[in-house]
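This report is for a reader who is meeting the structure below for the first time. It goes through each chain in turn and then turns to where the chains touch.

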Amino acid sequence: MSIDKTEDLILNMGPQHPSMHGLFRMVVHLEGETVTEIDPKIGYLHRGIEKLAESRTYTQFIPYTDRLDYLASPHNNWAYVQTVEKLMGVEIPERAEYLRVIFGELSRIASHQVMIASTALDIAGWTAWSYAFRDRERILDMYEMTAGSRLTVNIMRIGGMSAEPPAEFWPALKSFLDDTPEMLEEYYGVFLGNEIAQGRLKNVGILSKELAQSLSITGPVLRGSGVQYDLRRAEPYSIYDRFDFDIPVRYGCDSYDRTMIRMDEIKESIKIIKQAVRDIPEGPIMAKVPKVIKPPVGEVYHRVENPKGELGFYIVSDGSTKPSRVRIRPGTFVNLQMLPIVAKGWKIQDVVAIFATLDAVLGEVDK
Amino acid sequence: MENKELLKQRVEELAGKVNGEVEEILGAIILKIQAPYIIETLTAAKSFADVPCDFLHDLAGLDLGDHFEVVYQLTSWNGPQRLRVKASVDRENPVIDSATRIWQGADFLEREAFDMFGIQFKGHPNLKRIYMWDDFEGYPLRKDYVTEPIELRNLVRQRKEGE
């Protein structure tokens, strides 16, 4: 009896599995422990948000955008309201722009903290998980004191912001910003500087620059593959052209660099928030927009740099109070295409690490 | 903006070759073509001199009542140029060539457009439903899709023989 070839094994991972970040299922073909083929199955969280948009008014749709990437809900609101504002030609007050930047960047930090935590957890690093989640809690507290909710905050409106942050928000923000360098050191010490973590992540799941560009990959995954492309610099939306910050880029193309790039981005977000807090003017937070939002006939495509990839909205208006079509281009849905290509030939535990560094949130993938 | 004028010039040259129309809505350049010209258009746009549109950002279906449109949002890795290509597809027989040969990233996006609108992408390596289950009937994002109340919906899928 020959033993050099084992029988092919088909293993079903998910949809309910701790490493699947929500409801994701993949059918993994194995030879021994080596992956020969991956068939990703998505749609377990599909709620038909694009169809729901067609029967709701423009304002009513804002809370639905919270449910896309629920780890960075202010950013989704931002992408949507900016698209509608572009369609209507609304100019929003300066103070609202600054507040949007502050909340957008806070949500980027929170999202990256969850990514670092869950990557650690997926490769069995329980300790790092609790550190990152402890610190994220402070951002959620800041959401709560401003908007009243912690996860799906629904903080932006067409024409500005829903609420002015209370007096206790600013000291909380300052102390959070002062503590972040120490937090990052802790994450590095307990997780990314750890030899076992590095052994699990370094040189695992190589995504080359050419493949990343051909697959339309965006966000930190792209920048971890050596492409210095960030919409905040390539096509500055909102007021990002006023801030001084760098676009971090890493050339390792592996899971480790895809994780480290998030640490670099947190540092840049802190820089941006500090400048925004310094420069924020007094004034109103809502522009004068009509009570009934009725954009003119037309269509618009707008995209923003979400923490996980570029989020695009394509809205077609027929001149009524409800959109004729809302198309959502979720970043992680497109990024997910790399998984079957990149994970081929790796061991099954590496597939979990590669999937973790993609940082897919199934609310966004499945819409 | 110099870049935009240059792009517009290139798009107009291309429009002559593929029987297209150039439009501008809210500052965005839109090239409207018929479905059979899509591969020629996308290949040409990808290698425009000086203003290449080499980044397929999005691909989506659109139901316009009497026909469908497949909307391609093209942009670039190295410049601010943006182009929207709209290919008109027949409603009765919605077939268009797949862009996966030009960009691998069109894979999931085309599967989604197939799932939601029933548009067939010729040459796609794995054209299956992506969000809905395989034996789901109908195409949800078409305007004539009937969204029945939940009480009337058969929530439990009937088991087939041998399952």
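What follows is a description of a predicted model, starting with a table of the two chains.

| Chain | Residues buried | Secondary structure | Extent along the principal axes |
|---|---|---|---|
| A | 51% of 367 residues | 15 helices and eight strands | roughly 80 × 45 × 35 Å |
| B | 39% of 163 residues | three helices and seven strands | about 60 × 30 × 25 Å |

**Chain A**

The radius of gyration of chain A is 21 Å, and this agrees with the value near 21 Å that a compact globule of 367 residues would have. In chain A, contacts between residues at least 6 apart in sequence include 70% that join residues at least 24 apart.

Helix α4 of chain A covers residues 94-122. Its 29 residues, at 1.5 Å a residue, should span 42 Å, and the C-alpha atoms at its ends are 42 Å apart, so the expected and the modelled spans agree. Of the 29 residues of α4(A), 27 are buried, and the helix is therefore described as mostly covered, a buried residue being one with 20 or more other C-beta atoms within 10 Å of its own. A:Ala124 comes just after α4(A) and has a positive phi of about 70 degrees.

Chain A also has an open sheet of three strands, in the order β1-β2-β3 and with antiparallel pairing. The edges are taken by β1 (8-13) and β3 (34-41) of chain A; each has a single partner strand, so one side of each has no neighbour in the sheet. From one strand to the next, the twist in this sheet averages 20 degrees. Six bridges make up the antiparallel pairing of β1(A) with strand β2 (residues 25-31) of chain A. As one example from this pair, A:Asp8 has A:Glu31 in β2(A) as its bridge partner.

**Chain B**

Read from the N terminus, the elements of chain B follow the order α-β-β-α-β-β-β-β-α-β. In chain B, 47% of the contacts between residues at least 6 apart in sequence join residues at least 24 apart.

An open sheet of five strands in chain B has the order β1-β2-β5-β4-β3, and its pairing is mixed. Its edge strands are β1 (21-25) and β3 of chain B, each of which pairs on one side only. The twist here averages 25 degrees from one strand to the next.

The edge strand β3(B) is mostly covered, with nine of its nine residues buried. It runs antiparallel to strand β4 (residues 67-75) of chain B, and eight bridges join the two. Within this pair, B:Leu56 stands opposite B:Leu74 in β4(B), and B:Asp63 has B:Phe68 in β4(B) as its bridge partner. Together β3(B) and β4(B) form a hairpin with three residues between them. In the turn, B:Gly65 has a positive phi of about 85 degrees.

Two helices lie across strands of chain B. Helix α1 (residues 2-17) of chain B lies across β1, β2 (28-34) and β5 (83-90) of chain B, and runs at about 10 degrees to β2(B). Helix α3 (residues 106-117) of chain B lies across β3 and β4 of chain B, at about 5 degrees to β3(B).

One loop residue of chain B can be followed in more detail. B:Val51 is in the loop between α2 (38-46) and β3 (55-63) of chain B. Is B:Val51 buried or exposed? With 23 other C-beta atoms within 10 Å, B:Val51 is buried, because the cut-off is 20 or more. Neighbours within four places in sequence aside, B:Val51 is in contact with B:Asn3, B:Leu6, B:Leu7, B:Arg10, B:Gly79 and B:Gln81. B:Gln81 is 30 residues from B:Val51 in sequence, while the C-alpha atoms of the two are 6.6 Å apart.

**Where the chains touch**

How many residues of chain A are in contact with chain B? There are 28 residues of chain A in contact with 25 residues of chain B. On the chain A side, the elements that give two or more residues are α1 (49-53), α8 (209-214), β6 (298-306), β7 (309-317), β8 (325-329) and α12 (331-335) of chain A. The largest share, five residues, comes from β6(A). By type, the residues of chain A that touch chain B comprise nine nonpolar, nine polar and 10 charged.

How values were computed
Residues numbered from 1 in each chain as written. Chains lettered and ligands numbered in written order. Predicted model: local features only at pLDDT ≥ 70, side-chain atom pairs only at ≥ 80, totals over all residues. Contact = placed C-beta atoms within 7 Å. Helix = DSSP H or I, 4+ residues; strand = E, 2+ residues; numbered from the N terminus. Nonpolar A, V, L, I, M, F, W, Y, C, P; charged D, E, K, R; others polar. Rg over C-alpha atoms; globule rule 2.2 N^0.38 Å. Buried ≥ 20, exposed ≤ 12 C-beta atoms within 10 Å, placed from the backbone. Expected span 1.5 Å × (residues − 1). Pairing = 2+ DSSP bridges. Axes fitted to C-alpha atoms, helices over the stretch in contact; angles between N-to-C directions.
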